[in-house]
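Let's take a look around a protein together, starting from its outside and working inward. Have the sequence and the 3D view ready.

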Amino acid sequence: MGTNPVLAQLPEITRDAGTYVLEVFLSTSEQIRVGKIGVKGFQAGYYYYVGSAFGPGGLRARIRHHAGHSRRKHWHIDYLSELAELQSVFFVADTQRFEHEWAQRLMSLALLNIPVKGFGATDCHCLSHLFYSAETVDLAQILRRPDE
């Protein structure tokens, strides 16, 4: 894996609270142990993980954690990120949480499917916060607010 382009953009990412979607690419199909979920099969392709950052350091700290392949695995995405390459991040700095709304919006798209039920969604009623596609998708087009 080469230099991650998202890490180079970190200084431009705000420390404010907000909601984000990570786009990660898995180049080969893999069996990955995901914490208490257990071992799951992941196809090669693009994965979209919806999360929020309302703790210390806001979006910049959370995205830095995910982009840096942290040895401390706290979130489900940390297990996938260990083998997948972070391609891009889409985020909105806002004190309002869009995490569940975005997960529902992504789940409704025919071009995305849920690879692992419950992934990233152990603290809510969403089916998943992780979505899969064989091809990249335009998150800005899908997630932009109707008033934009």
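## A walk through the protein

The protein exposes about 7,900 Å², and carbon and sulfur atoms supply 49% of that area. Keep in mind that what you're looking at is a predicted model.

How is the chain put together? Its secondary structure comes to five helices and six strands, and if you read along the sequence they follow the pattern α-β-β-β-β-α-α-β-α-β-α. Of the 148 residues, 45% count as buried. Take the contacts between residues at least 6 apart in sequence: 72% of them join residues at least 24 apart.

Now for the inside. In soluble globular proteins, nonpolar side chains tend to be buried together. Here, the largest nonpolar core has 23 residues, and F42, Y47, L80, F119 and L130 touch the most other members. Several elements each supply at least two residues of this core, among them β2 (30-34), α2 (58-67) and β5 (85-93). β1 gives the most, with four residues.

Pick out Y47 from that core. Leaving aside neighbours within four places in sequence, Y47 is in contact with L22, E23, V24, L26, F42, L80, P115, L130, F131 and Y132. There is also a second, separate core of 19 residues, including F98, C124, V137 and L143.

Next, find H76, which sits in helix α3. Is H76 buried or exposed? Its relative accessible area is 15%, so H76 counts as buried, since the cut-off for buried is under 20%. Not counting residues up to four places away in sequence, H76 touches V34, I37, G118, F119, G120 and T122. With G120 there is a polar link too: a polar atom of the H76 side chain lies 2.8 Å from the backbone nitrogen of G120.

G120 turns up again at the largest pocket, where it is one of the lining residues closest to the centre, along with Y49, W75, E99 and D123. That pocket holds about 300 Å³ of space, and 17 residues line it. Both β4 and α4 (99-107) supply at least two residues of the lining, with the largest share, four residues, coming from β4.

Here are the two cores and the pocket side by side.

| Feature | Number of residues | Some of its residues |
|---|---|---|
| Largest nonpolar core | 23 residues | including F42, Y47 and L80 |
| Second, separate core | 19 residues | including F98, C124 and V137 |
| Lining of the largest pocket | 17 residues | including Y49, W75 and E99 |

Definitions and conventions. Residues numbered from 1 in each chain as written. Predicted model: local features only at pLDDT ≥ 70, side-chain atom pairs only at ≥ 80, totals over all residues. Heavy atoms only, no water. Core = buried A, V, L, I, M, F, W, Y, C linked by side-chain atoms within 4.5 Å. Buried < 20%, exposed > 50% of the residue type's maximum accessible area, 1.4 Å probe, protein only. Contact = heavy atoms within 4.5 Å. Areas by Shrake-Rupley, 256 points an atom, 1.4 Å probe, with all protein chains shown as cover. Polar contact = N/O pair within 3.5 Å; in protein donor to acceptor, adjacent residues only side chain to side chain. 1 Å grid on protein atoms, 1.4 Å probe; cavity = no way out; pocket = protein on both sides within 12 Å on 5 of 7 lines; lining within 4 Å. Points joined across faces, edges and corners; volume = space filled by probe spheres on them.
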